[in-house]
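Open the model in your viewer and keep the selection panel at hand. The tour below goes from one selection to the next and says what is there.

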Amino acid sequence: MYRNTQQIDNILIDLNKAVDAHYDWLINMFACVVNNNIDQSESINAHSHHLCHFGRWLDGHQPTNQEESSCLQAIDATHTKMHNCGRELMCVIRDKKINTDKFSEFKHRLALFSAAVTAYKTYLLKLRGGVDILTGLPGRRMLDERFEQQLKEVSDRKMYMLLLDIDRFKDVNDTYGHLVGDGVLRELAQQLRDRIRGGDTAYRYGGEEFIIILYAPSDREACMAALRLRESVAASAIHYDDKALNITVTIGVTQAWDGESIGIVVKRADAAMYRGKQTGRNRCMFMDEGGEIHLITH
């Protein structure tokens, strides 16, 4: 699962609004002390970190991967501790007890919260920079950065790489022009988004090539997933303006083994795909552990 540029932009906008609202909450929190109505304030509630606008945003925001989850966990932890510290500080002020340590601690907690939010924004901006602008899919750089971690996270299933190449894409550009060719790439990207499972990820690898990282319990399951995808693309017309084009893709499939570099796995998938191009196109080919290439059939 991944986020496109529009989703990332929306998260950043909502996050900034939540942070702005949170600083208003902090100001109102101490205004309650000044106005002697601290006991009526939600700020004194033991669950105030869930009640504030930022807490509600955080509770409703779901991560898509382990890196994002770590960022959000850090925000959640620092946000909760900041609220707890703020509640104690309110009581100190209300009871007119001189305790400079509480002020220093609150300042420290606020700084940690701000740092955690900034780290998440940095992650989102880095993520945005790795998205292919034309298709909205993660690009090659993001695949290169994630591959090693994806392979490490494989547990009870196996990880496979599917390398897809649009058949005779040059003919599309030469016949209809590059604007139509760009439209074909965008439409195919959308088809891949719609047809892969939630835990799998599609990338634009370059030109008319796409890569899917797929998890499956066996070679057979992975090969059948690739075959269904190939058949689905062939059966669907791609619409751009007043044109309806039918395209096909050739797919090379291989398993990624523990400790392998992305270059090694891409090389195998590319060799399988190239064999499909040589033997007729619109095919799925699988390279097994021994380096043998097989045509995938039902």
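Two strands count as paired if DSSP finds at least two bridges between them. With that rule in mind, note that the model is a predicted one, and start with the sheet.

**Stop 1: the sheet**

Select the six strands of the open sheet, which come in the order β2-β3-β1-β6-β7-β8. The pairing in this sheet is mixed. Its edges are β2, residues 201–206, and β8, residues 293–295, and each of these pairs on one side only. Look across the strands: neighbours are turned against each other by 25 degrees on average, with direction ignored.

**Stop 2: strand β1**

Is β1 largely enclosed by the rest of the structure, or open? Eight of its nine residues are buried, so β1 is largely enclosed. Show its two pairings in turn. With β3, β1 pairs in the antiparallel sense over eight bridges. To see one pair of residues on that side, select M161, which stands opposite I213 in β3. With β6, β1 is joined by eight bridges, and these two strands run antiparallel. On this side select L164, whose bridge partner in β6 is I251.

**Stop 3: the β8 edge**

Move to strand β7, residues 284–287. Three bridges join β7 to β8, and the two strands run antiparallel. Pick M287 and look for its bridge partner in β8, which is I293.

**Stop 4: helices on the sheet**

Keep the sheet displayed and add helix α6, residues 140–152, which packs on it. The strands touched by α6 are β1 (158–166), β2, β3 (209–216) and β6 (249–256). The direction of α6 makes about 135 degrees with that of β2. Now add helix α8, residues 178–195, which also packs on the sheet. Helix α8 touches β1, β2, β3 and β6, and its direction makes about 5 degrees with that of β3.

**Stop 5: α5 against α6**

Leave α6 on and add α5. What angle do α5 and α6 make where they pack? The angle is about 125 degrees, and the axes are 8 Å apart. That makes α5 oblique to α6. Show side chains for the contact: K126, L127 and G129 belong to α5, while R141, M142, E145 and R146 belong to α6. Sorted by type, the residues of this contact are two nonpolar, one polar and four charged.

**Stop 6: α4 against α5**

Next select helix α4, residues 66–94, together with helix α5, residues 100–129. Their packing angle is about 160 degrees, and their axes are 8 Å apart. An angle over 145 degrees counts as roughly antiparallel, and α4 and α5 are therefore roughly antiparallel to each other. Viewed as a crossing, α4 passes α5 in the left-handed sense. The residues of this contact divide into 19 nonpolar, three polar and seven charged.

**Stop 7: R94 and N99**

Stay with this helix pair and select R94, which is in helix α4. R94 has a relative accessibility of 34% and counts as partly exposed. Draw a C-alpha to C-alpha distance from R94 to S70: the two residues are 24 apart in sequence and 36 Å apart in space.

Then select N99, in the loop between α4 and α5. N99 is partly exposed, at a relative accessible area of 28%. For a second distance, go from N99 to L89: these are 10 residues apart in sequence, and their C-alpha atoms are 8.7 Å apart.

**Stop 8: two residues with positive phi**

Select R168, in the loop between β1 and α7 (169–176). Phi of R168 is near 55 degrees, a positive value in a residue other than glycine. Is R168 buried, partly exposed or exposed? Its relative accessibility of 48% makes R168 partly exposed, since the partly exposed class ends at 50%.

For the last selection, go to N282, in the loop between α10 (262–278) and β7. N282 is not a glycine, yet its phi is positive, near 50 degrees. N282 has 27% relative accessibility and counts as partly exposed.

Terms used. Residues numbered from 1 in each chain as written. Predicted model: local features only at pLDDT ≥ 70, side-chain atom pairs only at ≥ 80, totals over all residues. Heavy atoms only, no water. Axes fitted to C-alpha atoms, helices over the stretch in contact; angles between N-to-C directions. Helix = DSSP H or I, 4+ residues; strand = E, 2+ residues; numbered from the N terminus. Parallel < 35°, antiparallel > 145°, perpendicular 65-115°, else oblique. Left-handed = near helix turned anticlockwise from the far one by under 90°. Nonpolar A, V, L, I, M, F, W, Y, C, P; charged D, E, K, R; others polar. Contact = heavy atoms within 4.5 Å. Buried < 20%, exposed > 50% of the residue type's maximum accessible area, 1.4 Å probe, protein only.
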